[in-house]
Amino acid sequence: MSKPNRTILSASLAAAFFVPPAWAADEIQSVVVTAQSRKQLVQDVPMTMAVLTNKDIDAVGAKDLADLNGYIPGLSVDATEPTQPSFGIRGVQAADFGIATDSPVGIYVDGVYTGKTGGALMNFIDVQRIEVVKGPQGTLFGRNSAAGAIAITANEPGKELDAAGHLKLGRFGRANADVMLNLPISDTLAARVVAVRSGSEGWVENTTTGKKSGGDKDWATRITLRKDFDAAKVIFGWEHENMEQYGRPAFGVLKDPRLPLNGYLGVYDASYTANFVDPFTAKLENDQPGSEGRLFDGATLRIEAPLAGMTFNSTSAYRRFDTHNLTDNDGSARPTLRLTTQDAKQARSFQQEFKLSGKNEKLDWIAGLSFYNNNEHQDAGAYVSTGTLDTLSQFAGGQPNFAMLFGGLGAAGLPGISSSTMFNWDETHYSDVHTRSSSIYADTIWHLSPQTNVTAGLRYTRDHKEMRWFVPGRVSPQLDSFLNTYGPLAGLNAAAFPSNVIFATAAQLAATPVSRGKDWTDFSPRLVLDHKLDKDTLLFTSLARGYQAGGFNIFTPPNPASSTSTGKDPSFEPEKMTNFEAGVKMGLPQYRATINASLFAYKFKNLQDVQLYSVGTLPTYNVVASDQKAHGLDLDARIRLSPRVTLFGGMEYIDQTYTRYQRLDASGKVTLDLGGQPVGTPRLTAMGGINVNWEAFEGRSSINFQGTHASALRCNSDTAALSCLSTAKLKTGTATSKFDLRLAWDSPSSRYGVALLVNNVFDQRYIQSLGGQTEQYGAPYAYITPPRSVAVEFRASL
């Protein structure tokens, strides 16, 4: 850069602090939200919540909720596999692998529940704002928000002609683009069309296949029509998404070919973990690159109209998605450890909600009816080799039966066969679930005085689920053909080997589908008291309960001859969370600042967590219900030091422990009890940042620099071995931090601009998890966070 240009830039930056312009009229940002099913300023809502606008989303360059992970303290998003995401609020985060469970965090887009497995993590499409509501929201949002809710609101068609587009190009072949056209067709009819495409090649090469891994590729579109009738409006929207990408990279940390058979004794002691290699320097060696995809379609019809002095709202929605997730689950290219898994789902759902609302000087009320119908099918496949089965046999103290058989036949003179010969062995577990849910609810704000309100709400819900299991025998035609042809030389044939090994606990269902059904009912109340000390200070306290329907354990089906399996009912009971909260929302006009704080305490009963553990030969996903309790503090603040400089930040402190957690083996014996131990949630999560803007080059420049931090995991006796590991070569469970930067310039009219985005500025990288389906046999693998990415974004609008 030449000296004159450096002088101009220095002067521009100095002006940001020393020559500020006059204060704008809106010195403190005001955001309208609908968390209470009413339009309110966020500072007037008596609950703990965080709101992200489209500007906040752009500042991070986020394409979905996973990219916002950490920027709302207390909200956790794990999207290692986007068709199997998990969401947590205040430490309540359960894996959502099977169709028999739901997430305790409800995801809603324009009032429609989309938080079911595979359909929750969608591309942001023309988003207006995101509201994250902490604590149980059973009264207002319903059965799928026992721990909290995330409500995403998209832009509606407007009456002005408008168009906009973004193009983002960056490291690892990143190429994102989106376009929006808002078209007024007449005075009362408008359309809005949005298309989004995102993709990258991936940040690591799989040395076994020669292909890149860790990338993404999807595209989506939404078409929305709005028709106005005097005081009424009708909005119809159709949304489509198609995602197709390679599976997530799994880094094996055990490179010694003598291990694990010659070193693993059932525990991860120091002598064994000393053989682990650093996954950040190790090669990625996955013999199966995998594939992950989703095909989604959704249609929504919303009607809002006045009715006899009240307001009537109707929301009708249909959703369908098909997903598949084929992944390497051994983290290596060893033929004798090969394990590939397949998770394929199909879901079809219909939702209908009718709502009436009204208000006068004393009351502000809403009442509604809600109906939900969902059908899902899941294929869970495990694909191994006879070499893998020999390895599993040796882990259990047995012999490498197939290798011994093939070696003996080879020694007897059979050509082309030896102890190293391996055949494929595939098993698939099929299941279906039909869910019906209906509820009636009411919520009323009673204005006791101009300063004091009491809010009371209640929802009654009835749920019905029917589950169907079907586990046919293994599929291994080449092996069967070989055994039936040459096995008699050794006195064997295909029938001499078991039908199933991976899904051995369900072997009795080989040719007999079995079904079970169950009903649950619930009352979810909430009571809130809020009082305004003055026009800028709101005090509130609340007591609320959330509810999540029960379900069925997908991989431990009942015996066809009875309603039980190993003496246990295959169903599990509903989740229920009771939460107490007290907080303050404070505006400080003299300092141009806002401060929000709340104390909370909750008890959670029967959290439906899907855990990977063994009830047979190989670990499978099974539902483990636990009771938990926690207390903590939420805090966020924003201050405008000048019209050009804004500071913002937030934090959550939480102390979360199990009050009941027991894991059982196939016989029903307790093998693990974690009562009284920490759940694992970090005590502290925090975020903070600064935004600076100034005039430059006849336009406006800005810098947004922000970061997140989480303290170390609080491990218990179950997770300490790998989740809190510390060796000379790798560490897990440590404190984590991440910083992002956006440097932008916008034209004087703001019609076009350019921005530089740097995610993970300091290239801080961590092991996300260490374990997996071969963890039980001494061969864990790691998922690691991606490296720093840099991109340039161009935008233009009418």
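A disulfide joins cysteine 715 to cysteine 724, with the two sulfurs 1.8 Å apart. Keep in mind that this is a predicted model. Besides that link, this briefing walks through helix α4, which is largely enclosed by the rest of the structure, then its partners α5 and α6, and finally a few spots where the backbone does something less usual.

**The disulfide**

- A disulfide, in general, is a covalent bond between the sulfur atoms of two cysteines.
- How many disulfides does a search of the whole structure find? It finds one.
- The link of cysteine 715 and cysteine 724 is right-handed, with 85° about the S-S bond.
- Cysteine 715 has a relative accessible area of 21%, so it counts as partly exposed.
- Cysteine 724 is partly exposed too, at 31%.

**Helix α4 and its surroundings**

- Helix α4 covers residues 386-395, and eight of its 10 residues are buried, which is why it is described as largely enclosed by the rest of the structure.
- The buried ones are Thr386, Gly387, Thr388, Leu389, Asp390, Thr391, Leu392 and Ser393.
- What do these buried residues pack against? Their partners are two strands, β22 (363-385) and β23 (424-447), plus two helices, α5 (401-411) and α6 (477-486).
- For a single example, take threonine 391, which is found in α4. Its relative accessibility is 6%, so it counts as buried.
- Setting aside neighbours within four places in sequence, threonine 391 is in contact with Leu261, Thr336 and Leu337.
- Just after α4 comes glycine 397, which takes a positive phi of about 90°.

**How α4 meets α5**

- Two packed helices are described by the angle between their axes and the distance between the axes.
- For α4 and α5, the axes come within 7 Å and cross at roughly 125°. That angle makes α4 oblique to α5.
- On the α4 side, the contact is made by Thr386, Leu389, Asp390 and Ser393. On the α5 side, Asn401, Phe402, Ala403 and Phe406 take part.
- Sorted by class, this contact has four nonpolar, three polar and one charged residues.

**How α5 meets α6**

- The axes of α5 and α6 come within 13 Å, crossing at roughly 50°. The two helices are therefore oblique to each other.
- Is the crossing of α5 and α6 left-handed or right-handed? It is left-handed.
- From α5, the contact uses Phe402, Leu405, Phe406 and Leu409. From α6, it uses Leu479, Phe482, Leu483 and Tyr486.
- By class, the contact of α5 with α6 has eight nonpolar residues, with no polar and no charged ones.

**A residue on α6**

- Asparagine 484 is found in helix α6. Its relative accessible area is 46%, so it is partly exposed.
- Leaving out neighbours within four places in sequence, asparagine 484 is in contact with Asn493 and Ala494.
- Asparagine 484 and threonine 323 are 161 residues apart in sequence. In space, they are 37 Å apart, C-alpha to C-alpha.

**Backbone spots worth a look**

- As background, most residues other than glycine have a negative phi, and most peptide bonds are trans.
- Leucine 259 and proline 260 are joined by a cis peptide bond, with omega about 10°. Proline 260 sits in the loop between β18 (251-252) and α3 (270-273).
- Serine 37 is not a glycine, yet its phi is positive, near 60°. You'll find serine 37 in the loop between β1 (32-33) and β2 (40-41). At 25% relative accessibility, serine 37 counts as partly exposed.
- Aspartate 763 also has a positive phi, of about 55°, although it is not a glycine. The loop it lies in runs between β37 (752-759) and β38 (767-771). Aspartate 763 is partly exposed, with a relative accessible area of 32%.

Methods. Residues are numbered from 1 along each chain as its sequence is written. This is a predicted model: local features need pLDDT of at least 70, side-chain atom pairs count only at pLDDT 80 or more; totals for chains, interfaces and linings use all residues. Side-chain values use heavy atoms; hydrogens and water are left out. A disulfide is a pair of cysteine sulfur atoms within 2.5 Å. Buried means under 20% relative accessible area, exposed over 50%, partly exposed in between (1.4 Å probe, protein chains only). Helices (H or I, at least four residues) and strands (E, at least two) are DSSP runs, numbered from the N terminus. Contact means heavy atoms within 4.5 Å. Axes are lines fitted to C-alpha atoms, for helices over the stretch in contact, and angles run from 0 to 180 degrees between N-to-C directions. Angles under 35 degrees count as roughly parallel, over 145 as roughly antiparallel, 65 to 115 as roughly perpendicular and the rest as oblique. A crossing is left-handed if the near helix is turned anticlockwise from the far one by less than a right angle, and right-handed if clockwise. Ala, Val, Leu, Ile, Met, Phe, Trp, Tyr, Cys and Pro count as nonpolar, Asp, Glu, Lys and Arg as charged, and the others, Gly among them, as polar.
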